[in-house]
Each structure stands twice: as C-alpha cells, then as structure tokens.
Amino acid sequence: MTSFIQVRSHNDLLHPVREWLEKIEIHNSKLAHFLCKAIPSQCPFEQDITLFGRKLFHIPPMCKLNPLYEEVVGLRFKALCYLADKCGEDVTSYC
C-alpha cells in the first residue's frame, strides 16, 4: 500500500518551490527582520463573527489550506532562530 506522502512527492507540482524555500539560509539580519514581519505568527484569517454580542459563526484558520504553509512557517522559524542565536536579539516582539 502506498502512503499519502509517497504519492504526494511523486505528483507534487510545487516540489521545486518547496525545496527552494527549505534551502533558503538566513545570513542577514535585515532579511530576517523582513521575514518575521511579513510572515504572521498566527493565521490572520481565523476569527469569530459576532453580532450584538452573540457569536454567529467561527471562521477557521485557512492557512493550513496553503500548500506551502509548512515551508513558509519553517522559513519564519529560521529567521527567528537567526535573530536570537546569531544576532543575540530579543525576538519576543515577533511572537
């Protein structure tokens, strides 16, 4: 039986983009700051819709529908680690 991961890797049209994003290395604090600001720490689409103090419905986080979600979040994590470990900066403002 073939697992989902094996099928995905054979038919994944975004595989070159995934590899490119995973291979990006952070060596510049300006780039790291830009990535931390540009990539949100939480999904910006998740919210509760309320009317007159009553919750009508909940919009779930749709970020995980993004096929490159894991790679983009990983890139943000690399940038945060670079700023904290190499530059010695406080990254709590990005969390």
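Here are some friendly notes on how the helices of this predicted model pack together.

1. **Helix 3 against helix 4.** A good place to start is the pair formed by helix 3 (residues 29-38) and helix 4 (residues 69-86), whose axes lie 9 Å apart and meet at an angle of about 130°. Helix 3 and helix 4 are therefore oblique to each other. Their crossing is left-handed.

2. **Who makes that contact.** On the helix 3 side you will find Ser-29, Ala-32, His-33, Leu-35 and Cys-36. Helix 4 answers with Leu-75, Arg-76, Ala-79, Leu-80, Tyr-82 and Leu-83. Sorted by class, this contact has 8 nonpolar, 2 polar and 1 charged residues.

3. **Helix 2 against helix 4.** Helix 2 (residues 15-23) also packs on helix 4, with an angle of about 10° and axes 9 Å apart. Angles under 35 degrees count as roughly parallel, so helix 2 is roughly parallel to helix 4. Here Arg-18, Leu-21, Glu-22 and Lys-23 of helix 2 meet Glu-71, Val-72, Leu-75 and Lys-78 of helix 4. By class, the contact of helix 2 with helix 4 has 3 nonpolar, no polar and 5 charged residues. If you have the model open, Leu-75 is worth selecting: it is listed in the contact with helix 2 and also in the contact with helix 3.

4. **The nonpolar core.** The largest nonpolar core has 15 residues, and those touching the most other members are Ile-26, Ala-32, Leu-35, Cys-36, Leu-75, Leu-83 and Tyr-94. Helix 3 and helix 4 are the elements that give two or more residues to this core. Helix 4 gives the most, with 5 residues. As general background, nonpolar side chains tend to be buried together in soluble globular proteins.

5. **A look at Ala-32.** Ala-32 belongs to the core and to the helix 3 side of the contact with helix 4. Setting aside residues up to four places away in sequence, Ala-32 touches Ile-26, Ala-79, Tyr-82 and Leu-83.

6. **A look at Leu-80.** Leu-80 sits in helix 4. Its relative accessibility is 13%, so Leu-80 counts as buried, the cut-off being under 20%. Not counting neighbours within four places in sequence, Leu-80 is in contact with Cys-36, Val-91 and Tyr-94. Leu-80 and Cys-36 are 44 residues apart along the chain, yet their C-alpha atoms are separated by 6.8 Å.

Note on methods: Residues are numbered from 1 along each chain as its sequence is written. This is a predicted model: local features need pLDDT of at least 70, side-chain atom pairs count only at pLDDT 80 or more; totals for chains, interfaces and linings use all residues. Side-chain values use heavy atoms; hydrogens and water are left out. Axes are lines fitted to C-alpha atoms, for helices over the stretch in contact, and angles run from 0 to 180 degrees between N-to-C directions. Helices (H or I, at least four residues) and strands (E, at least two) are DSSP runs, numbered from the N terminus. Angles under 35 degrees count as roughly parallel, over 145 as roughly antiparallel, 65 to 115 as roughly perpendicular and the rest as oblique. A crossing is left-handed if the near helix is turned anticlockwise from the far one by less than a right angle, and right-handed if clockwise. Contact means heavy atoms within 4.5 Å. Ala, Val, Leu, Ile, Met, Phe, Trp, Tyr, Cys and Pro count as nonpolar, Asp, Glu, Lys and Arg as charged, and the others, Gly among them, as polar. A nonpolar core is a set of buried Ala, Val, Leu, Ile, Met, Phe, Trp, Tyr and Cys residues joined through side-chain atoms within 4.5 Å. Buried means under 20% relative accessible area, exposed over 50%, partly exposed in between (1.4 Å probe, protein chains only).
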